[in-house]
Amino acid sequence: MRARVFGLLVLCGAASSLAIADDGAVSPDPDRFEKKVRPLLAARCWSCHGPEKQKGGLRLDTAEGLASGGDAGEVVVAGKPDESPLVQVVRYQGDLKMPPRGRLPEAEIAELAEWVRSGAAWPDREKPAAPASSPKVGADPEPPFWAFQPVRDPAPPEVKAADWPRSPIDRFLLADLERKGLSPAPGAEKRALIRRATFDLTGLPPSVEEVRAFLADESPDAYAKVIDRLLASPRYGERWGRQWLDLARYSDSNGMDENVAYANAYRYRDYVIRAFNDDRPYDEFVREQIAGDLLPPRHDAAADRERITATGFLVLGPKMLAEDDPMKMEMDIIDEQVDTVGRVFLGLTIGCARCHDHKFDPIPTADYYGLAGIFKSTKSMQNHKVVAMWNERAVAEPSEIAAKEAHQKESARRKGEIDAKVKVAAEALRKDNRDRAGLYLAAALRYDRGREARVDPSRHVRPHGTS
């Protein structure tokens, strides 16, 4: 799972803005256009080349305007930023310079150039339709989305510096560098190399002894041995398991109104760490978290408990436990589960389809509620009342559960004995206090009576009938 999950983590955590097709071409990313390119054009270009004003006959607020160009001809050559007048003028190459009031920041120029290099796609030009439930005869059965295409094994590209790559992956990296006129950096010296590898795989610095051993190892596989040692370290699962826990919105409390502690959340955390350290296959890792309790039993108590623990993935996350509307509470929890599954396992923001068909991806509202129905039949919560409580399940072996019940029974018996003795002692104390109070009262009365006998009563009695 290490290699496969590592790749997925990179893709989910920092999604690539471009896709490389089998032929080496770059596919457009409509999401990047909406977040980066369109706002840039709106802020920098539309005041002179927009709906109200079109200097030089050029309009840059529509796909049609971009394709038509201006009075001087086309402004974009798709895939060739160096030959595109739009890129040339913002780079201030030649007599015409745009914007005329000052050069754009380098980051914005690079963004425009990259957009042109990727094909200068304008999402409004073509609205892709959601794929049909079954492909028509003679039609392309694959949806027009690069992310949904089957995984292929493209041939590594040809490179000029053929002696530099150490693996096929290096050839893809080098080809991209060479297209941009760049060359690889010099190789790192051994001390820097072991520090980078150790920090990257374990999150910790190497020890002095580990550095010395690596520097002294002159064998050709010295670095490979370091990598194998780091992958076998328990620290590897702790370092990279945390990346998955971030995606799975792991926390030790619900984090909202009541902020109640998930007392057993750490069990899911430890499951993830073990999965990484055990090199668990990724497909198994996914199934266990979504439906581990429904998988066929392995007749291995520890493995079966592990699968149940994995379903903590569904229970974690923010939950409004004091919501007055139980139906809203339930549907909000389901929505959070659907959205998390989409983001973590598919790289898609499915949650938008709760209210409308997805703007870009082929996710209609009907599919959202089909998936929501599955999670509605999943018991994530014990109840949806104020204050709600999430579902928990015992994962101990029958013998352990029996031992616990026996212990609780014995504890209850002994507590009863203690309570009975406390009651007797308390009653004795009360009786003793009553006896002591009677003695005190009798002594006081005797004292008062003796005092009265020594006092002349006539001095303290007023005769009746006098004022």
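This is a short tour of a predicted model, stop by stop, for use with a viewer.

**Whole chain**

Start with the full protein chain in cartoon view. Its secondary structure comes to 18 helices and four strands. The chain has 467 residues, and 30% of them count as buried. Now think about contacts between residues at least 6 apart in sequence. Of these, 52% join residues at least 24 apart.

**The largest nonpolar core**

Select Trp244, Tyr268, Val272, Phe285 and Phe345, and show their side chains. These residues have the most contacts inside the largest nonpolar core, which has 48 residues. Which helix gives this core its largest share? Colour helix α16, residues 326-346: the share from α16 is seven residues.

Stay with Phe345 and add its partners. Leaving out residues up to four places away in sequence, Phe345 touches Trp244, Tyr282, Val286, Ile290 and Phe313.

Another core lies apart from the largest one. To find this core of 23 residues, select Leu58, Leu66, Val76 and Ile109, which are among its members.

**Salt bridges**

Next come the charged pairs. The model has 30 salt bridges. Three of the pairs make good stops.

*Within one helix.* Select Arg179 and Asp176. Their salt bridge has its closest N and O atoms 3.0 Å apart. Both residues lie in helix α7, residues 168-179. They are three residues apart, about one turn of the helix. Switch on a surface and compare the two ends. Arg179 has a relative accessible area of 52%, so Arg179 is exposed. Asp176 has 25%, so Asp176 is partly exposed.

*Between two helices.* Select Glu210 and Arg229. This pair also forms a salt bridge, and the closest N and O atoms are 3.0 Å apart. Which helices hold the two residues? Glu210 lies in helix α9 (residues 208-216) and Arg229 in helix α10 (residues 222-231), so the pair ties together parts that are 19 residues apart in sequence. Glu210 is partly exposed, at 28% relative accessibility. Arg229 is partly exposed too, at 34%.

*A buried pair.* Select Arg280 and Glu306. Their side chains meet in a salt bridge of 3.6 Å, N to O. The pair links distant parts of the chain, 26 residues apart. Arg280 sits in the loop between α12 (265-277) and α13 (282-291). Glu306 sits in helix α14, residues 301-310. Are these two residues buried or exposed? Buried means under 20% relative accessible area. Arg280 has 10%, so Arg280 is buried. Glu306 has 13%, so Glu306 is buried as well.

Keep that view and add Arg274, Asp278 and Glu288. Salt bridges that share partners join Arg274, Asp278, Arg280, Glu288 and Glu306 into one network.

**The second largest pocket**

Now select Ile308, Thr311, Asn391, Glu392 and Arg393. Of the residues that line the second largest pocket, these lie nearest its centre. The lining has 32 residues. How much space lies in this pocket? The second largest pocket holds about 860 Å³.

Colour the helices around the pocket one by one. Those supplying at least two lining residues each include α12, α13 and α14. Add α15 (312-315), α17 (365-376) and α18 (398-453), which also supply at least two each. Then colour the lining by class. The lining has 17 nonpolar, eight polar and seven charged residues.

**Two single residues**

Go back to helix α7 and select Asp170, which has its place there. Asp170 is buried, with a relative accessible area of 17%. Set aside its neighbours within four places in sequence. Asp170 is then in contact with Trp164 and Pro165. Draw a distance from its C-alpha atom to that of Val159. The two atoms are separated by 10.0 Å, and the residues are 11 apart along the chain.

Finish at Ser233. Where does Ser233 lie? Ser233 lies in the loop between α10 and α11 (234-247). Ser233 is buried, with a relative accessible area of 16%. Beyond its neighbours within four places in sequence, Ser233 is in contact with Thr202 and Asn277.

Conventions
Residues are numbered from 1 along each chain as its sequence is written. This is a predicted model: local features need pLDDT of at least 70, side-chain atom pairs count only at pLDDT 80 or more; totals for chains, interfaces and linings use all residues. Side-chain values use heavy atoms; hydrogens and water are left out. A salt bridge is a side-chain nitrogen of Lys or Arg within 4 Å of a carboxyl oxygen of Asp or Glu. Buried means under 20% relative accessible area, exposed over 50%, partly exposed in between (1.4 Å probe, protein chains only). On a 1 Å grid over the protein atoms alone, a cavity is a set of points where a 1.4 Å probe fits but cannot get out, and a pocket is an open set with protein on both sides within 12 Å along at least five of seven lines; lining residues have an atom within 4 Å of a point. Grid points are joined across faces, edges and corners, and a volume is the space filled by probe spheres set on the points. Ala, Val, Leu, Ile, Met, Phe, Trp, Tyr, Cys and Pro count as nonpolar, Asp, Glu, Lys and Arg as charged, and the others, Gly among them, as polar. Contact means heavy atoms within 4.5 Å. A nonpolar core is a set of buried Ala, Val, Leu, Ile, Met, Phe, Trp, Tyr and Cys residues joined through side-chain atoms within 4.5 Å.
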